[in-house]
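Please look through the sequence and the 3D structure shown below before reading on. This briefing then goes through the surroundings of the ligand, topic by topic.

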Amino acid sequence: MRFEINSKNTIMKITVVGAGAVGASCAEYIAIKNFASEVVLLDIKEGYAEGKAMDLMQTASLNGFDTKITGSTNDYAKTADSDIVVITSGIPRKPGMTREELIGINAGIVKSVSSSLLQHSPNAIVIVVSNPMDTMTYLVHKTTSLSKNRIIGMGGALDSARFKYRLAEVLKAPISDVDGMVIGGHSDTGMVPLIGHATRNSVKVSEFLTQEQMDYVVEETKVGGATLTKLLGTSAWYAPGAAVSSLVHAIACDQKKMFPCSTFLEGEYGLNDICIGVPVILGKNGIEEIVEIELSEAEKAKMQESTEGVRKTNGLLEV
Ligand SMILES: NC(=O)C1=CN([C@@H]2O[C@H](COP(=O)(O)OP(=O)(O)OC[C@H]3O[C@@H](n4cnc5c(N)ncnc54)[C@H](O)[C@@H]3O)[C@@H](O)[C@H]2O)C=CC1
Ligand SMILES: O=C([O-])CC(=O)C(=O)O
(Lines give C-alpha, C1' and ligand atoms only; values in the text may rest on other atoms or scores of the structure.)
(Ligands and ions follow the chains in the order given, each with its own letter.)
Protein backbone atom coordinates (compact mmCIF):
# COMPACT_ATOMS: atom_id res chain seq x y z
CA MET A 1 0.00 0.00 0.00
CA ARG A 2 1.31 3.49 -0.71
CA PHE A 3 -1.26 5.83 0.72
CA GLU A 4 -0.29 9.38 1.50
CA ILE A 5 -0.04 9.50 5.30
CA ASN A 6 -2.95 11.54 6.61
CA SER A 7 -2.99 13.55 9.81
CA LYS A 8 -4.26 10.75 12.00
CA ASN A 9 -1.62 8.48 10.55
CA THR A 10 -4.42 6.02 9.99
CA ILE A 11 -6.32 4.78 7.03
CA MET A 12 -9.29 6.73 5.77
CA LYS A 13 -12.72 5.42 4.95
CA ILE A 14 -14.89 7.64 2.82
CA THR A 15 -18.51 7.05 1.86
CA VAL A 16 -20.13 8.66 -1.14
CA VAL A 17 -23.92 8.41 -1.25
CA GLY A 18 -25.33 8.61 -4.75
CA ALA A 19 -23.40 6.62 -7.34
CA GLY A 20 -24.67 8.80 -10.17
CA ALA A 21 -22.69 11.23 -12.27
CA VAL A 22 -21.24 13.38 -9.47
CA GLY A 23 -20.85 10.59 -6.90
CA ALA A 24 -18.95 8.32 -9.29
CA SER A 25 -16.76 11.16 -10.55
CA CYS A 26 -15.97 12.12 -6.96
CA ALA A 27 -15.08 8.50 -6.07
CA GLU A 28 -12.86 8.29 -9.13
CA TYR A 29 -10.89 11.45 -8.28
CA ILE A 30 -10.52 10.39 -4.64
CA ALA A 31 -9.16 7.03 -5.77
CA ILE A 32 -6.78 8.54 -8.32
CA LYS A 33 -5.34 10.86 -5.64
CA ASN A 34 -4.58 7.70 -3.64
CA PHE A 35 -4.90 9.06 -0.09
CA ALA A 36 -7.86 6.95 1.10
CA SER A 37 -7.84 3.29 1.98
CA GLU A 38 -11.48 2.73 1.14
CA VAL A 39 -14.31 4.42 -0.71
CA VAL A 40 -17.83 3.04 -0.30
CA LEU A 41 -20.30 4.06 -2.97
CA LEU A 42 -23.94 3.70 -1.91
CA ASP A 43 -27.04 4.11 -4.04
CA ILE A 44 -30.71 3.24 -3.72
CA LYS A 45 -30.82 1.79 -7.26
CA GLU A 46 -30.32 -1.99 -7.10
CA GLY A 47 -26.81 -3.03 -8.16
CA TYR A 48 -25.90 0.43 -9.45
CA ALA A 49 -23.26 1.33 -6.84
CA GLU A 50 -21.79 -2.18 -7.02
CA GLY A 51 -21.51 -1.82 -10.80
CA LYS A 52 -19.88 1.60 -10.63
CA ALA A 53 -17.48 0.38 -7.92
CA MET A 54 -16.47 -2.66 -9.99
CA ASP A 55 -15.96 -0.55 -13.11
CA LEU A 56 -13.83 1.95 -11.16
CA MET A 57 -11.79 -0.85 -9.52
CA GLN A 58 -10.97 -2.14 -12.99
CA THR A 59 -9.21 1.20 -13.64
CA ALA A 60 -6.96 0.71 -10.57
CA SER A 61 -4.13 -1.12 -12.35
CA LEU A 62 -4.37 1.33 -15.25
CA ASN A 63 -4.45 4.48 -13.15
CA GLY A 64 -2.13 3.20 -10.43
CA PHE A 65 -4.16 3.53 -7.26
CA ASP A 66 -4.61 1.23 -4.26
CA THR A 67 -7.84 2.67 -2.85
CA LYS A 68 -10.43 -0.07 -2.50
CA ILE A 69 -13.81 0.95 -3.92
CA THR A 70 -16.87 -1.06 -2.94
CA GLY A 71 -20.55 -0.63 -3.76
CA SER A 72 -23.68 -1.01 -1.67
CA THR A 73 -27.36 -1.00 -2.50
CA ASN A 74 -28.75 1.04 0.39
CA ASP A 75 -26.97 -1.05 3.06
CA TYR A 76 -25.63 1.55 5.47
CA ALA A 77 -23.92 -1.09 7.62
CA LYS A 78 -21.24 -1.16 4.89
CA THR A 79 -20.57 2.54 5.47
CA ALA A 80 -19.91 2.06 9.21
CA ASP A 81 -17.09 4.09 10.76
CA SER A 82 -16.56 6.33 7.77
CA ASP A 83 -14.32 9.32 8.48
CA ILE A 84 -15.90 11.46 5.79
CA VAL A 85 -19.28 11.07 4.09
CA VAL A 86 -20.35 12.84 0.91
CA ILE A 87 -24.03 13.29 0.02
CA THR A 88 -24.69 13.52 -3.73
CA SER A 89 -27.99 11.63 -3.70
CA GLY A 90 -30.93 13.37 -5.28
CA ILE A 91 -32.11 14.62 -8.62
CA PRO A 92 -30.11 16.97 -10.84
CA ARG A 93 -31.72 19.82 -12.76
CA LYS A 94 -32.68 19.77 -16.42
CA PRO A 95 -32.13 22.68 -18.83
CA GLY A 96 -34.28 25.70 -17.90
CA MET A 97 -34.61 24.72 -14.24
CA THR A 98 -33.05 26.44 -11.24
CA ARG A 99 -31.30 24.50 -8.48
CA GLU A 100 -33.94 25.76 -6.04
CA GLU A 101 -36.65 23.83 -7.90
CA LEU A 102 -35.03 20.57 -6.73
CA ILE A 103 -35.86 21.19 -3.08
CA GLY A 104 -39.18 19.30 -3.11
CA ILE A 105 -37.55 15.93 -3.84
CA ASN A 106 -34.02 16.46 -2.57
CA ALA A 107 -34.85 17.71 0.94
CA GLY A 108 -36.49 14.39 1.87
CA ILE A 109 -33.61 12.41 0.37
CA VAL A 110 -30.90 14.44 2.11
CA LYS A 111 -32.69 14.27 5.46
CA SER A 112 -33.10 10.48 5.41
CA VAL A 113 -29.64 9.82 3.95
CA SER A 114 -27.84 11.99 6.54
CA SER A 115 -29.73 10.31 9.35
CA SER A 116 -28.87 6.79 8.07
CA LEU A 117 -25.23 7.74 7.55
CA LEU A 118 -24.81 9.14 11.05
CA GLN A 119 -26.38 6.08 12.67
CA HIS A 120 -23.37 4.12 11.42
CA SER A 121 -20.72 6.86 11.45
CA PRO A 122 -21.68 9.26 14.25
CA ASN A 123 -18.33 11.07 14.13
CA ALA A 124 -18.12 11.58 10.41
CA ILE A 125 -17.51 14.87 8.64
CA VAL A 126 -20.36 15.43 6.17
CA ILE A 127 -19.93 17.11 2.80
CA VAL A 128 -23.24 18.12 1.23
CA VAL A 129 -23.43 18.34 -2.55
CA SER A 130 -27.10 17.77 -3.42
CA ASN A 131 -28.93 20.90 -4.56
CA PRO A 132 -30.10 23.42 -3.59
CA MET A 133 -26.82 22.96 -1.72
CA ASP A 134 -26.82 25.84 0.81
CA THR A 135 -30.32 24.90 1.93
CA MET A 136 -29.46 21.18 2.05
CA THR A 137 -26.44 22.05 4.22
CA TYR A 138 -28.70 24.08 6.52
CA LEU A 139 -31.11 21.11 6.62
CA VAL A 140 -28.33 18.77 7.78
CA HIS A 141 -27.40 21.35 10.40
CA LYS A 142 -30.97 21.59 11.65
CA THR A 143 -31.79 17.88 11.64
CA THR A 144 -28.63 16.28 13.02
CA SER A 145 -26.64 16.80 16.21
CA LEU A 146 -23.32 17.19 14.40
CA SER A 147 -21.20 20.17 15.40
CA LYS A 148 -21.10 22.88 12.77
CA ASN A 149 -17.45 22.32 11.87
CA ARG A 150 -18.42 18.81 10.66
CA ILE A 151 -21.05 19.99 8.16
CA ILE A 152 -19.63 21.39 4.94
CA GLY A 153 -21.49 22.44 1.80
CA MET A 154 -19.59 22.12 -1.50
CA GLY A 155 -20.30 24.82 -4.06
CA GLY A 156 -17.74 27.60 -3.78
CA ALA A 157 -14.79 25.35 -4.65
CA LEU A 158 -16.50 24.46 -7.92
CA ASP A 159 -17.66 28.02 -8.62
CA SER A 160 -14.13 29.30 -7.98
CA ALA A 161 -12.71 26.73 -10.41
CA ARG A 162 -15.16 27.98 -13.04
CA PHE A 163 -14.22 31.58 -12.19
CA LYS A 164 -10.54 30.76 -12.78
CA TYR A 165 -11.43 29.04 -16.06
CA ARG A 166 -13.19 32.19 -17.29
CA LEU A 167 -10.43 34.47 -15.98
CA ALA A 168 -7.81 32.43 -17.82
CA GLU A 169 -9.94 32.60 -20.96
CA VAL A 170 -10.12 36.40 -21.09
CA LEU A 171 -6.57 36.92 -19.80
CA LYS A 172 -5.34 34.41 -22.40
CA ALA A 173 -3.28 33.00 -19.54
CA PRO A 174 -2.72 29.48 -18.22
CA ILE A 175 -5.14 28.66 -15.40
CA SER A 176 -2.17 28.08 -13.08
CA ASP A 177 -1.39 31.81 -13.44
CA VAL A 178 -4.74 33.00 -12.06
CA ASP A 179 -6.33 33.00 -8.65
CA GLY A 180 -9.81 33.97 -7.55
CA MET A 181 -12.64 33.02 -5.26
CA VAL A 182 -16.45 32.90 -5.37
CA ILE A 183 -18.42 33.33 -2.16
CA GLY A 184 -22.17 33.58 -1.47
CA GLY A 185 -24.97 31.19 -2.34
CA HIS A 186 -24.46 28.42 -4.89
CA SER A 187 -27.16 29.67 -7.25
CA ASP A 188 -27.42 31.32 -10.66
CA THR A 189 -28.12 34.72 -9.11
CA GLY A 190 -26.55 34.38 -5.66
CA MET A 191 -22.88 33.73 -6.43
CA VAL A 192 -20.48 36.53 -5.60
CA PRO A 193 -17.32 36.15 -7.73
CA LEU A 194 -14.74 38.37 -6.03
CA ILE A 195 -13.39 39.95 -9.20
CA GLY A 196 -11.81 42.81 -7.24
CA HIS A 197 -9.64 40.28 -5.38
CA ALA A 198 -8.76 38.11 -8.41
CA THR A 199 -5.14 38.11 -9.50
CA ARG A 200 -2.73 37.00 -12.19
CA ASN A 201 0.51 36.14 -10.41
CA SER A 202 -0.42 38.50 -7.55
CA VAL A 203 -1.31 41.41 -9.88
CA LYS A 204 -4.98 42.40 -9.74
CA VAL A 205 -6.78 41.35 -12.93
CA SER A 206 -8.18 44.87 -13.24
CA GLU A 207 -4.68 45.83 -14.44
CA PHE A 208 -5.17 43.66 -17.51
CA LEU A 209 -8.91 43.58 -18.18
CA THR A 210 -11.58 46.10 -19.19
CA GLN A 211 -14.74 46.51 -17.11
CA GLU A 212 -16.63 44.76 -19.91
CA GLN A 213 -14.29 41.75 -19.77
CA MET A 214 -14.59 41.57 -15.99
CA ASP A 215 -18.40 41.76 -16.20
CA TYR A 216 -18.31 38.91 -18.73
CA VAL A 217 -16.21 36.76 -16.38
CA VAL A 218 -18.56 37.40 -13.45
CA GLU A 219 -21.73 36.68 -15.42
CA GLU A 220 -20.36 33.51 -17.08
CA THR A 221 -19.17 32.26 -13.69
CA LYS A 222 -22.58 32.75 -12.08
CA VAL A 223 -24.39 30.80 -14.80
CA GLY A 224 -21.58 28.22 -15.12
CA GLY A 225 -23.79 25.36 -13.94
CA ALA A 226 -26.74 26.43 -16.11
CA THR A 227 -24.51 26.72 -19.20
CA LEU A 228 -23.32 23.14 -18.76
CA THR A 229 -26.84 21.89 -17.98
CA LYS A 230 -28.02 23.35 -21.29
CA LEU A 231 -25.17 21.69 -23.19
CA LEU A 232 -25.38 18.31 -21.44
CA GLY A 233 -29.14 17.96 -20.81
CA THR A 234 -28.32 17.36 -17.12
CA SER A 235 -25.91 19.09 -14.77
CA ALA A 236 -22.14 18.74 -14.79
CA TRP A 237 -20.09 16.07 -12.99
CA TYR A 238 -16.34 16.23 -13.77
CA ALA A 239 -15.58 19.57 -12.09
CA PRO A 240 -18.11 18.92 -9.30
CA GLY A 241 -16.48 15.54 -8.59
CA ALA A 242 -13.00 17.08 -8.68
CA ALA A 243 -14.09 19.89 -6.35
CA VAL A 244 -15.53 17.46 -3.80
CA SER A 245 -12.39 15.32 -3.96
CA SER A 246 -10.27 18.41 -3.22
CA LEU A 247 -12.28 19.08 -0.05
CA VAL A 248 -12.06 15.44 0.99
CA HIS A 249 -8.29 15.44 0.37
CA ALA A 250 -7.81 18.62 2.42
CA ILE A 251 -9.66 17.09 5.36
CA ALA A 252 -8.19 13.59 5.10
CA CYS A 253 -4.62 14.88 4.89
CA ASP A 254 -5.13 17.80 7.32
CA GLN A 255 -3.95 20.23 4.66
CA LYS A 256 -5.32 23.45 6.28
CA LYS A 257 -6.22 24.66 2.81
CA MET A 258 -8.63 27.54 2.23
CA PHE A 259 -11.76 26.97 0.16
CA PRO A 260 -15.03 28.84 0.01
CA CYS A 261 -17.57 26.42 1.55
CA SER A 262 -21.12 26.69 2.77
CA THR A 263 -21.02 26.77 6.56
CA PHE A 264 -23.33 27.73 9.41
CA LEU A 265 -22.67 31.33 10.36
CA GLU A 266 -23.01 32.78 13.83
CA GLY A 267 -22.19 36.42 13.39
CA GLU A 268 -19.39 36.08 10.84
CA TYR A 269 -19.91 38.52 7.96
CA GLY A 270 -22.73 39.97 10.09
CA LEU A 271 -24.87 36.90 9.32
CA ASN A 272 -26.69 34.46 11.56
CA ASP A 273 -28.68 31.24 11.21
CA ILE A 274 -27.75 30.54 7.60
CA CYS A 275 -25.40 28.26 5.67
CA ILE A 276 -23.73 30.16 2.82
CA GLY A 277 -20.38 30.17 1.05
CA VAL A 278 -17.50 31.95 2.79
CA PRO A 279 -13.76 31.17 2.94
CA VAL A 280 -12.87 28.49 5.46
CA ILE A 281 -9.79 26.50 6.44
CA LEU A 282 -10.22 22.75 5.99
CA GLY A 283 -8.26 20.26 8.06
CA LYS A 284 -8.73 17.06 10.04
CA ASN A 285 -11.54 18.62 12.10
CA GLY A 286 -13.48 19.73 9.04
CA ILE A 287 -13.99 23.49 9.10
CA GLU A 288 -11.22 24.67 11.42
CA GLU A 289 -11.69 28.39 10.87
CA ILE A 290 -14.05 30.76 9.10
CA VAL A 291 -11.93 33.41 7.43
CA GLU A 292 -13.40 36.90 7.46
CA ILE A 293 -11.97 38.93 4.60
CA GLU A 294 -12.52 42.63 4.01
CA LEU A 295 -15.29 43.13 1.44
CA SER A 296 -16.02 46.32 -0.50
CA GLU A 297 -19.41 48.01 -0.03
CA ALA A 298 -20.53 46.59 -3.42
CA GLU A 299 -19.42 43.08 -2.43
CA LYS A 300 -21.22 43.39 0.91
CA ALA A 301 -24.41 44.42 -0.89
CA LYS A 302 -24.14 41.42 -3.24
CA MET A 303 -23.55 39.12 -0.27
CA GLN A 304 -26.64 40.55 1.42
CA GLU A 305 -28.74 39.95 -1.70
CA SER A 306 -27.39 36.41 -1.94
CA THR A 307 -28.29 35.79 1.70
CA GLU A 308 -31.87 36.84 1.06
CA GLY A 309 -32.13 34.32 -1.78
CA VAL A 310 -30.83 31.47 0.39
CA ARG A 311 -33.15 32.44 3.27
CA LYS A 312 -36.11 32.36 0.89
CA THR A 313 -35.24 28.78 -0.12
CA ASN A 314 -34.59 27.80 3.51
CA GLY A 315 -38.11 29.03 4.24
CA LEU A 316 -39.46 26.21 2.07
CA LEU A 317 -37.98 23.57 4.39
CA GLU A 318 -40.20 21.77 6.84
CA VAL A 319 -37.81 21.46 9.81
N1 LIG B 1 -23.12 21.44 -5.04
C2 LIG B 1 -22.68 21.39 -6.29
O3 LIG B 1 -21.77 22.13 -6.65
C4 LIG B 1 -23.27 20.42 -7.25
C5 LIG B 1 -24.41 19.76 -6.93
N6 LIG B 1 -24.95 18.85 -7.79
C7 LIG B 1 -26.14 18.15 -7.33
O8 LIG B 1 -25.76 16.82 -7.00
C9 LIG B 1 -26.89 15.96 -7.09
C10 LIG B 1 -26.53 14.71 -7.89
O11 LIG B 1 -26.29 15.05 -9.24
P12 LIG B 1 -25.94 13.89 -10.30
O13 LIG B 1 -24.93 12.98 -9.72
O14 LIG B 1 -25.67 14.55 -11.59
O15 LIG B 1 -27.33 13.11 -10.36
P16 LIG B 1 -27.56 11.57 -10.79
O17 LIG B 1 -29.00 11.43 -11.09
O18 LIG B 1 -26.59 11.18 -11.84
O19 LIG B 1 -27.20 10.77 -9.47
C20 LIG B 1 -27.93 10.85 -8.31
C21 LIG B 1 -27.98 9.47 -7.68
O22 LIG B 1 -28.63 9.57 -6.41
C23 LIG B 1 -29.31 8.32 -6.22
N24 LIG B 1 -30.32 8.45 -5.17
C25 LIG B 1 -31.50 9.05 -5.22
N26 LIG B 1 -32.13 8.91 -4.04
C27 LIG B 1 -31.31 8.23 -3.22
C28 LIG B 1 -31.38 7.80 -1.87
N29 LIG B 1 -32.44 8.05 -1.11
N30 LIG B 1 -30.33 7.10 -1.37
C31 LIG B 1 -29.25 6.83 -2.11
N32 LIG B 1 -29.13 7.21 -3.40
C33 LIG B 1 -30.14 7.91 -3.94
C34 LIG B 1 -29.89 8.01 -7.59
O35 LIG B 1 -30.26 6.66 -7.72
C36 LIG B 1 -28.75 8.45 -8.51
O37 LIG B 1 -27.92 7.36 -8.85
C38 LIG B 1 -28.00 16.81 -7.71
O39 LIG B 1 -28.87 17.29 -6.73
C40 LIG B 1 -27.23 17.97 -8.33
O41 LIG B 1 -28.01 19.14 -8.49
C42 LIG B 1 -24.38 18.58 -8.99
C43 LIG B 1 -23.24 19.23 -9.37
C44 LIG B 1 -22.59 20.21 -8.54
O1 LIG C 1 -25.86 23.38 -12.12
C2 LIG C 1 -26.33 22.47 -11.40
O3 LIG C 1 -27.53 22.27 -11.21
C4 LIG C 1 -25.37 21.58 -10.69
C5 LIG C 1 -24.44 22.43 -9.94
O6 LIG C 1 -24.71 22.85 -8.84
C7 LIG C 1 -23.28 22.94 -10.67
O8 LIG C 1 -22.81 22.32 -11.64
O9 LIG C 1 -22.81 24.01 -10.29
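How many Å separate an oxygen atom of ligand 1 from an N or O atom in the side chain of Asn131? In this predicted model, the two atoms are 2.9 Å apart. The protein buries 88% of the 860 Å² that ligand 1 exposes when it is taken alone.

**Where the ligand lies**

- Ligand 1 sits in the largest pocket, and the elements that give two or more residues to the shell around it are the helices α1 (21-33) and α4 (103-120).
- Of these elements, α4 provides three residues, which is the largest share of the shell around ligand 1.
- Because domain 1 (13-155) and domain 2 (156-314) both give residues to the shell around ligand 1, the ligand lies between these two domains.

**Which residues surround it**

- The shell around ligand 1 is made up of 27 residues, and the closest of them are Val22, Asp43, Ile91, Asn131 and Met154.
- When the shell residues are sorted by class, 16 are nonpolar, nine are polar and two are charged.

**Polar contacts with the backbone**

- Besides the contact made by the side chain of Asn131, a backbone N or O atom of Val129 lies 2.9 Å from a nitrogen atom of ligand 1.
- A backbone N or O atom of Gly90 lies 3.4 Å from an oxygen atom of ligand 1, and this pair counts as a polar contact because its N or O atoms are within 3.5 Å of each other.

Conventions. Residues numbered from 1 in each chain as written. Chains lettered and ligands numbered in written order. Predicted model: local features only at pLDDT ≥ 70, side-chain atom pairs only at ≥ 80, totals over all residues. Heavy atoms only, no water. Near = heavy atom within 4 Å. Polar contact = N/O pair within 3.5 Å; in protein donor to acceptor, adjacent residues only side chain to side chain. Areas by Shrake-Rupley, 256 points an atom, 1.4 Å probe, with all protein chains shown as cover. 1 Å grid on protein atoms, 1.4 Å probe; cavity = no way out; pocket = protein on both sides within 12 Å on 5 of 7 lines; lining within 4 Å. Sits in = over half its atoms within 2 Å of the grid points. Helix = DSSP H or I, 4+ residues; strand = E, 2+ residues; numbered from the N terminus. Nonpolar A, V, L, I, M, F, W, Y, C, P; charged D, E, K, R; others polar. Domains from an automatic or database assignment.
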